[in-house]
Amino acid sequence: MSGSATPPGSLGKVGLSTRGMSVLVRNGVVRPMGPGKLFQIHSGFRKWGLTLTLAFTTGAVRYPGRPAIIDDQGSLSYAELDQQSTRLAHGLRSLATDRVTRIGLLARNHRGAVQTCIAAGKTGADVVLLNTGLSAAQMRAVVEEQQINLLVVDQDLLPLVAECPPGLRKVVGWTEGPVDSLPDTGHRWHTLESLMAAAPGWDLPSPSRHGKTILLTSGTTGTPKGARRPDPRSLTPIAAMLDVIPLLTGDVMLLAPPLFHILAYGHLQLGALLGHTFVLRRKFDPERTLHDLGDHKATVLVAPPVMLQRMLELPAQAAAAQRGSRLRVVCCGGSALPGRLATSFMEVFGSVLYNLYGSTEVSWATIATPRDLAAADGTAGKPPRGTRVAVLDSAGKRVGRGEVGRIFVRNGMLFDGYTRPGMDKEVRRGLMSTGDMGYFDEKGRLFVVGRDDDMIISGGENVFPREVEDLLSARRDVREVAAVGVSDERYGQRLAVYVVVEPGHYLTAEDIREYVKRNLAKFSVPRDVMFLNELPRSPAGKVIPRDLPLAFH
């Protein structure tokens, strides 16, 4: 970060166009304030740069009494969060015989997870957001590869770190009961609460570096890669997002996805800058979510498609929540949004749904507004200002409208690279690969047809499993579906589908095949159809292909 940049809250130059500045003023990011507050914010900026730590500490200056977090423990104001994260930063440093440089966070959604991220920024330590869906063996590999030297872990997740190196220092982020309920390991357990209670509250000196946030990507097999999230170089990317998605200062945001996922973490960053109140629950429950929307007068909901689907399966509660809530914006992403789901959701909650397409590496690429979703089922939308998206062929040339190719992106929030040496994303024409295939329609709206490594070649024909998934998920008697490629001695590969039928309906494998045959090319017709009670999903709501039954393999 350049030390000459102007901090949030100031009306100085921030490398913005007139339109960008007007967006930040309109949405409440930039507002006049007294010189005392401006000095505090500028001091924070010089310490931490445009980071999550700055966003929350700025909130403590601008609106100290506003609730920052509402979770299973109650409410916590911005001022309290700032004070407690400072004490936690002191506490984390006190544990280290050497300097804590990289903290692993294995936690569900609660205040302790946010406190840890803010505290790490105040010490200059990196934070690795660990996926709660990893196996114990994968967890050990990640801890070793990322060189984590302190681990914050919830009590119920302790089994996942059982294979980690014995000398790894651990702090319990969430306890299921009193501290004496923790496993007897022969040493004294530290908790976030005990560290904060014993630590001083004075400000820490400026760290020698800005700590990085590292998110894990991939990892369905093998060891997940670490991707370093960038600090924004200016407020321009934020203005571009807010120009499309009307988030406002003081919104109440219900964050449903796990914080280790870019969908949730990105909105935590953005919402903190706007002084949002965040409603966090350790585990997603659709009925509890609907009640939270009404009870806390939530104006923003962030959730992947499968969570929206689960909410719609409670029609009576959904209607009640719609009457009691004040939802203006629902941000969806992380996996494909079926067109039928978008339509059904907006029928209940109104024209509030925004579909975000992107990845850990490129942040966002496109945004579909409610108008886009109403006009074109399943679209990923259009690039916001400052973002370029291109669909290229295998030679790196742009393809025509309607033609499928590989999706490449450039914006101001591309990741800072993988932590694993020798690995990087492919770049062509100055744009970074998302790893997906897609096409633009005649209106300039992007459609994603699937991962480039998911495409299968069956008898010499290219088959996109996503196309079959979209077709079948549009049926009202299909609750959810997954399509995958499996080996075939004659054709090389063939398509297999796994179907979850809506309760009260009955389907046969032949019904599925005939429907695909009537609507798609014959090489897209699945030979193998299996019916399941539910699809295996990660904590972030993505289908886990390796956990699907292997009967077809």
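Is Phe447 buried or exposed? In this predicted model, Phe447 is buried, because its relative accessible area is 11% and the cut-off for burial is under 20%. Its ring partner is Tyr439. The two rings are stacked, with 5.2 Å from centre to centre and 10° between the planes. Tyr439 has a relative accessible area of 24%, so it counts as partly exposed. The stack therefore joins a buried ring, Phe447, to a partly exposed one, Tyr439.

The count of aromatic pairs comes to six. Another of them is formed by Tyr63 and Tyr78. Here the ring centres are 5.8 Å apart and the planes stand at 70°, so the pair is edge-to-face. Angles over 60 degrees fall in that class. This pair links distant parts of the chain, 15 residues apart. Tyr63 belongs to the loop between α3 (52–62) and β1 (67–71), while Tyr78 is in helix α4. Both Tyr63 and Tyr78 are buried.

The pair is also part of a wider group. Ring pairs join Phe56, Tyr63, Tyr78 and Phe278 into a cluster. Tyr63 has a charged neighbour as well: Arg66 lies over its face, 4.0 Å from the ring centre. A second arrangement of this kind involves Arg475 and Tyr515. There the charged end of Arg475 sits over the ring, at 4.5 Å from its centre.

Tyr78 leads on to helix packing, through helix α4. Two packed helices are described by the angle between their axes and the distance between the axes. Helix α4 spans residues 78–94, and helix α5 spans residues 111–123. Their axes come within 8 Å and cross at roughly 65°. The crossing is right-handed. On the α4 side, the contact is made by Leu81, Asp82, Gln84, Ser85, Thr86, Leu88, Ala89, Leu92 and Arg93. On the α5 side, Val114, Gln115, Thr116, Ile118, Ala119, Lys122 and Thr123 take part. What is the make-up of this contact, in nonpolar, polar and charged residues? Seven are nonpolar, six are polar and three are charged.

Two other helices show how far burial can go. Helix α11 covers residues 305–312. Eight of its eight residues are buried, so α11 is largely enclosed by the rest of the structure. The buried set holds Pro305, Val306, Met307, Leu308, Gln309, Arg310, Met311 and Leu312. Helix α13, residues 339–349, is mostly covered. Eight of its 11 residues are buried. These are Gly339, Arg340, Leu341, Ala342, Ser344, Phe345, Met346 and Phe349. After α13 comes Gly350, with a positive phi near 95°.

Backbone angles close the tour. Most residues other than glycine have a negative phi. Which values does phi take at Ser363 and at Arg429? At Ser363 phi is positive, near 60°. At Arg429 phi is also positive, near 55°. Ser363 lies in strand β15, residues 363–368. Arg429 is placed in the loop between β18 (427–428) and β19 (431–440). Their surroundings can be read from accessibility. Ser363 has a relative accessible area of 11%, so this residue is buried. Arg429 is at 48% relative accessibility and therefore counts as partly exposed.

Conventions:
Residues numbered from 1 in each chain as written. Predicted model: local features only at pLDDT ≥ 70, side-chain atom pairs only at ≥ 80, totals over all residues. Heavy atoms only, no water. Axes fitted to C-alpha atoms, helices over the stretch in contact; angles between N-to-C directions. Helix = DSSP H or I, 4+ residues; strand = E, 2+ residues; numbered from the N terminus. Left-handed = near helix turned anticlockwise from the far one by under 90°. Contact = heavy atoms within 4.5 Å. Nonpolar A, V, L, I, M, F, W, Y, C, P; charged D, E, K, R; others polar. Buried < 20%, exposed > 50% of the residue type's maximum accessible area, 1.4 Å probe, protein only. Phe/Tyr/Trp six-rings, centres within 6.5 Å; stacked < 30°, edge-to-face > 60°. Lys NZ or Arg CZ within 6 Å of the ring centre and 35° of its normal.
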